[in-house]
Amino acid sequence: MKPTRKIIIAIDGHASTGKSTVAKEIARLIGIGYVDTGAMYRSVTLCALRNTPSDLSEKAVAALLPNIEISFGWDAERGRNTTYLNGENVEDQIRSAEVSNLVSSISAMPAVRSSLTAMQQQIGMRSSVVMDGRDIGTTVFPNADLKIFMTASADIRARRRYDEMIAKGQQVSFEDTLRNVVERDHLDETRAVSPLLRADDAVLLDNSHMTRPEQTQFIIDLLIERGLVC
């Protein structure tokens with residue numbers, strides 16, 4: 001299975017809906033690139049926590065942006081995609097509770113969104129790509145060939161996030177995780193710049209009670225139906 005032409009697939013939605021997992025699988029199945037934009041914002045958040053922990057103002061964070069380089073690679077040993085911040089593998093660090101608690105506020109900063117949006121658009125200009133995040137189909141690629149909006153109940157999303165962190169040995173409570181999910185939803189949906197919205201032409205995918213293979217097949221069927229892959 002491969003694209004019939006250069007295509008862009010935008011997968012937006014709420015936190016902890018499994019956007020990245022599904023997007024990676026779609027990219028693998030049809031042989032195109034994948035970009036986790038959430039990891040990009042998490043990388044900026046991690047950089048800010050490391051360099052200006054006592055001053056997380058937009059001015060302080062913006063000053064770091066010219067020296068931030070974010071790239072993606074494949075970790076053969078662990079069999080997964082990996083995020084690199086200035087050449088350092090930060091895949092585990094950017095998934096910490098500390099970063100999760102701050103990423104929505106950092107992401108809401110106009111300077112940060114402008115900088116990363118430009119990076120994302122440059123990637124999409126070069127080749128076919130599956131990109132997931134919060135505003136891919138509304139701001140980054142409003143003319144994407146296929147737009148998916150993923151959601152699930154807050155309780156289910158919090159449970160997924162909690163299980164993921166516990167599996168990594170992080171000490172967190174389910175109550176704090178649920179609170180974080182609800183707060184992130186509010187921040188994402190009410191921020192002044194590029195809020196989380198479902199694009200008018202985005203297909204809704206509520207995966208509250210769907211398996212990963214079912215979600216993947218749902219999107220593959222749409223791609224075939226629209227003649228974007230063969």
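**Exercise 1. The parallel sheet**

Which residue in β6 is the bridge partner of Tyr34? Use this pair to begin working out how the strands around β6 are arranged in this predicted model.

*Solution.* Step one is to find the pair itself: the bridge partner of Tyr34 is Val130, which lies in β6. Step two places this pair among its fellows, for strand β2 (residues 33–36) runs parallel to β6 and is joined to it by 4 bridges. Step three looks at strand β1 (residues 8–13), which also runs parallel to β6 and is joined to it by 5 bridges, with Ala10 standing opposite Met131 of β6.

Step four continues from β1 to β7, since these two strands pair in the parallel sense over 5 bridges, and here Gly13 stands opposite Met150 of β7. Step five goes on from β7 to strand β8 (residues 203–206), where the pairing is again in the parallel sense, over 4 bridges; Ile148 faces Val203 of β8, and Thr151 stands opposite Asp206.

Step six puts the strands together: the result is an open sheet of 5 strands with parallel pairing, in the order β2-β6-β1-β7-β8. β2 and β8 stand at the edges and have a single partner strand each, so one side of each is left without a neighbour in the sheet. From one strand to the next, the twist averages 20°. Helix α1 (residues 19–30) packs on this sheet and touches β1, β2, β6 and β7, while its direction makes about 180° with that of β6.

**Exercise 2. Two covered strands**

Which residues point one way from β6, and which the other way? Repeat the analysis for β7.

*Solution.* Step one takes strand β6 (residues 129–133), in which 5 of the 5 residues are buried, where buried means under 20% relative accessible area. Step two sorts these residues by direction: Val129, Met131 and Gly133 point one way, whereas Val130 and Asp132 point the other way, and all are buried. Step three turns to strand β7 (residues 146–151), which is likewise mostly covered, with 6 of its 6 residues buried. Leu146, Ile148 and Met150 point one way from β7, and Lys147, Phe149 and Thr151 point the other way.

**Exercise 3. The antiparallel sheet and helix α2**

In what order do the strands β3, β4 and β5 form their sheet, and at what angle do α2 and α4 pack?

*Solution.* Step one describes the sheet, which is open, has antiparallel pairing and consists of 3 strands in the order β3-β4-β5. Its edges are β3 (70–75) and β5 (88–89), each with a single partner strand, so one side of each is left without a neighbour in the sheet. Step two examines one pairing in detail: strand β4 (residues 80–85) and β5 pair in the antiparallel sense over 2 bridges, and Tyr84 stands opposite Asn89 of β5. Step three adds the helix α2, which lies across β3, β4 and β5 and runs at about 40° to β4.

Step four considers helix α2 (residues 37–51) together with helix α4 (residues 97–107): they pack at an angle of about 105°, and their axes are 9 Å apart. An angle of 65 to 115 degrees counts as roughly perpendicular, which makes α2 roughly perpendicular to α4. Step five names the residues that meet, including Tyr41, Val44 and Leu49 in α2 and Val99, Leu102 and Ile106 in α4. The residues of this contact divide into 8 nonpolar, 3 polar and 2 charged.

Key
Residues are numbered from 1 along each chain as its sequence is written. This is a predicted model: local features need pLDDT of at least 70, side-chain atom pairs count only at pLDDT 80 or more; totals for chains, interfaces and linings use all residues. Side-chain values use heavy atoms; hydrogens and water are left out. Buried means under 20% relative accessible area, exposed over 50%, partly exposed in between (1.4 Å probe, protein chains only). Two strands pair if DSSP finds at least two bridges between them. Axes are lines fitted to C-alpha atoms, for helices over the stretch in contact, and angles run from 0 to 180 degrees between N-to-C directions. Angles under 35 degrees count as roughly parallel, over 145 as roughly antiparallel, 65 to 115 as roughly perpendicular and the rest as oblique. Contact means heavy atoms within 4.5 Å. Ala, Val, Leu, Ile, Met, Phe, Trp, Tyr, Cys and Pro count as nonpolar, Asp, Glu, Lys and Arg as charged, and the others, Gly among them, as polar.
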